[in-house]
Amino acid sequence: MKELEKIVPSAEIPVMEPQRQFYFMDIAKQYVARLEEKKGRKLTFCVNTFGCQMNARDSEKLCGILEAVGYVETDTEEADFVIYNTCTVRENANNKVYGRLGYLQGLKRKNPDMIIALCGCMMQEEKVVEKLKKSYRYVNLIFGTHNIYKFAELIVQTFESDKMVIDIWKDTDKIVEELPVERKYRFKSGVNIMFGCNNFCSYCIVPYVRGRERSRKPQDIIREIEGLVADGVVEVMLLGQNVNSYGKNLDVPVTFAELLQEIEKIDGLERIRFMTSHPKDLSDELIEVMKHSKKICKHLHLPLQSGSSRVLKEMNRRYTKEQYLALVDRIRAAVPDIALTTDIIVGFPGETEEDFEETMDVVRKVQYDSAFTFIYSKRTGTPAAEKEDQVPEAVVKERFDRLLAEVQTIAAKKAQAYEGQTLPVLVEEVNEHDKNLVTGRLSNNSVVHFPGDSSLIGKIVDVCLKECKGFYYMGEQCEK
Ligand code: SAH
Ligand code: SF4
Ligand code: F3S
């Protein structure tokens with residue numbers, strides 16, 4: 001963007017955050033205004049999210065900054081600022097990004113002023129950045145997960161540089177509060193309660209790309225949720241890689257269960273969700289709080305990964321099959337109508353047919369309401385990638401199909417059991433395919449479609465589940 005005349009700031013650059021970023025937002029705004037003048041129209045942006053809910057929440061922060069500096073959101077990538085918020089948890093997440101970058105290059109030929117930016121977990125890998133530097137010269141800006149709060153400053157650097165701007169940090173202990181956020185939904189929001197992960201499951205790259213675990217202070221979280229509620233939010237999803245270890249590293253330690261009790265007190269907040277819970281840290285205190293809570297949703301995502309105690313040990317999960325099953329029993333005894341969902345990896349190095357059968361056994365015993373099943377993906381730099389006994393692809397595929405069939409059969413049976421019941425639904429949107437229907441979610445996270453209009457969006461209404469269609473319900477609004 002070198003042709004833009006450099007803006008000479010009138011004030012000194014603040015050292016403290018977030019003031020420093022507000023200062024850069026102001027400068028970025030001036031560059032955007034100049035470009036608007038040059039083009040004779042508003043500038044547009046598109047944020048594309050590739051990863052998990054934490055990644056999605058980060059994208060809302062990116063949108064918040066882009067809107068604050070004057071860009072207008074569009075849902076196509078034919079935009080003036082396109083940013084990919086990447087994920088690297090499995091190899092295929094990675095490949096998708098390279099594939100789409102070729103397409104962006106074509107768009108940039110048509111609009112040379114277009115800025116292409118990349119951020120997120122994949123950018124924390126050295127070999128990725130090397131590859132981008134070598135073969136994707138048309139990318140303007142690359143940054144990582146630890147300095148996302150600097151986005152405004154990086155936008156300004158991009159406007160002022162004719163080279164690729166790259167800013168990747170190895171780690172950080174910093175948490176910057178109070179920056180603008182643009183929520184995707186008016187009535188529900190993710191809320192980060194912690195960042196990073198210290199668990200180092202042997203297959204997982206997240207601890208390497210997200211850094212060490214750090215918790216936000218409870219008062220900052222409460223203040224954020226109070227603000228969200230004042231702005232129309234009725235449901236929050238508390239986010240962390242392992243919410244059950246929340247608060248351990250704070251100056252004044254707080255448990256996740258204590259945090260939940262504080263959040264429960266917020267007037268006007270109707271529903272509380274959280275993810276992800278690591279089974280090794282799920283306390284009886286938390287089960288007790290869930291049992292008595294009026295707001296915590298009847299849904300727990302409890303990643304199993306494998307049902308074989310031997311494999312779990314190799315995965316460094318720090319629980320056994322028996323401990324996991326006992327935990328499920330305790331949860332179900334306290335909250336009988338809770339929906340349980342999970343993540344399972346098939347084909348971890350050295351997984352035998354017997355190991356896999358142990359996984360199938362847990363699936364049958366627990367009867368999950370739904371499960372995300374993944375084929376093991378080798379992530380360079382993790383201990384599991386060094387293992388020599390990688391399972392042959394054909395064997396993994398065959399096991400994966402068997403697992404998926406079992407998971408789906410059980411899920412369909414579990415869903416069927418709710419047919420005929422009347423339950424509260426938080427209405428999320430007008431149905432994409434049929435404008436006479438709205439779509440919402442039960443406390444247990446299942447999807448329900450029923451006749452209604454946009455005036456219901458954000459409201460919680462009682463719906464009779466007339467018909468179960470496998471993974472969702474058709475319902476009708478009715479009196480209880
Ligand atoms: N912190 C969360 C998981 C985050 S990653 C937890 O511990 O549950 C989401 C899911 O991706 C994991 O639960 C796991 O099932 C899957 N996953 C992570 N690394 C993987 C890999 N290398 N191959 C396949 N699946 C993986
Ligand atoms: Fe990965 Fe394990 Fe951390 Fe989850 S808890 S992010 S699976 S290392
Ligand atoms: Fe992916 Fe990063 Fe989330 S690797 S799963 S986007 S924490």
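Is Thr342 buried or exposed? I will start there, and then move to a pocket and a ligand. Keep in mind that this is a predicted model.

Thr342 counts as buried, because its relative accessibility is 0% and the cut-off for buried is under 20%. As for where it sits, Thr342 belongs to strand β13, which covers residues 339-346. Leaving aside residues up to four places away in sequence, Thr342 touches a run of residues, His301, Leu302, Pro303 and Leu304. It also touches Tyr324, Tyr368, Ser370, Ala371 and Phe372. Leu304 comes up again here: its backbone nitrogen is 2.8 Å from a polar atom of the Thr342 side chain.

Next, the second largest pocket. Its volume is about 730 Å³, and 33 residues line it. Which of these lie nearest its centre? They are Lys61, Val176, Glu177, Glu178 and Val181. Two elements each give two or more residues to this lining, namely α2 (53-68) and α7 (218-230). By type, the lining of the second largest pocket has 15 charged residues, 12 nonpolar and 6 polar.

Last, ligand 2. What residues are around ligand 2? In sequence order, there are Cys197, Asn199, Phe200, Cys201, Tyr203, Cys204, Val206 and Pro207, and then Gln241, His278 and Arg317. Sorted by type, this shell around ligand 2 holds 7 nonpolar residues, 3 polar and 1 charged.

To recap: Thr342 in strand β13 is buried, the second largest pocket has 15 charged residues in its lining, and the shell around ligand 2 has 1.

How values were computed
Residues numbered from 1 in each chain as written. Chains lettered and ligands numbered in written order. Predicted model: local features only at pLDDT ≥ 70, side-chain atom pairs only at ≥ 80, totals over all residues. Heavy atoms only, no water. 1 Å grid on protein atoms, 1.4 Å probe; cavity = no way out; pocket = protein on both sides within 12 Å on 5 of 7 lines; lining within 4 Å. Points joined across faces, edges and corners; volume = space filled by probe spheres on them. Helix = DSSP H or I, 4+ residues; strand = E, 2+ residues; numbered from the N terminus. Nonpolar A, V, L, I, M, F, W, Y, C, P; charged D, E, K, R; others polar. Near = heavy atom within 4 Å. Buried < 20%, exposed > 50% of the residue type's maximum accessible area, 1.4 Å probe, protein only. Polar contact = N/O pair within 3.5 Å; in protein donor to acceptor, adjacent residues only side chain to side chain. Contact = heavy atoms within 4.5 Å.
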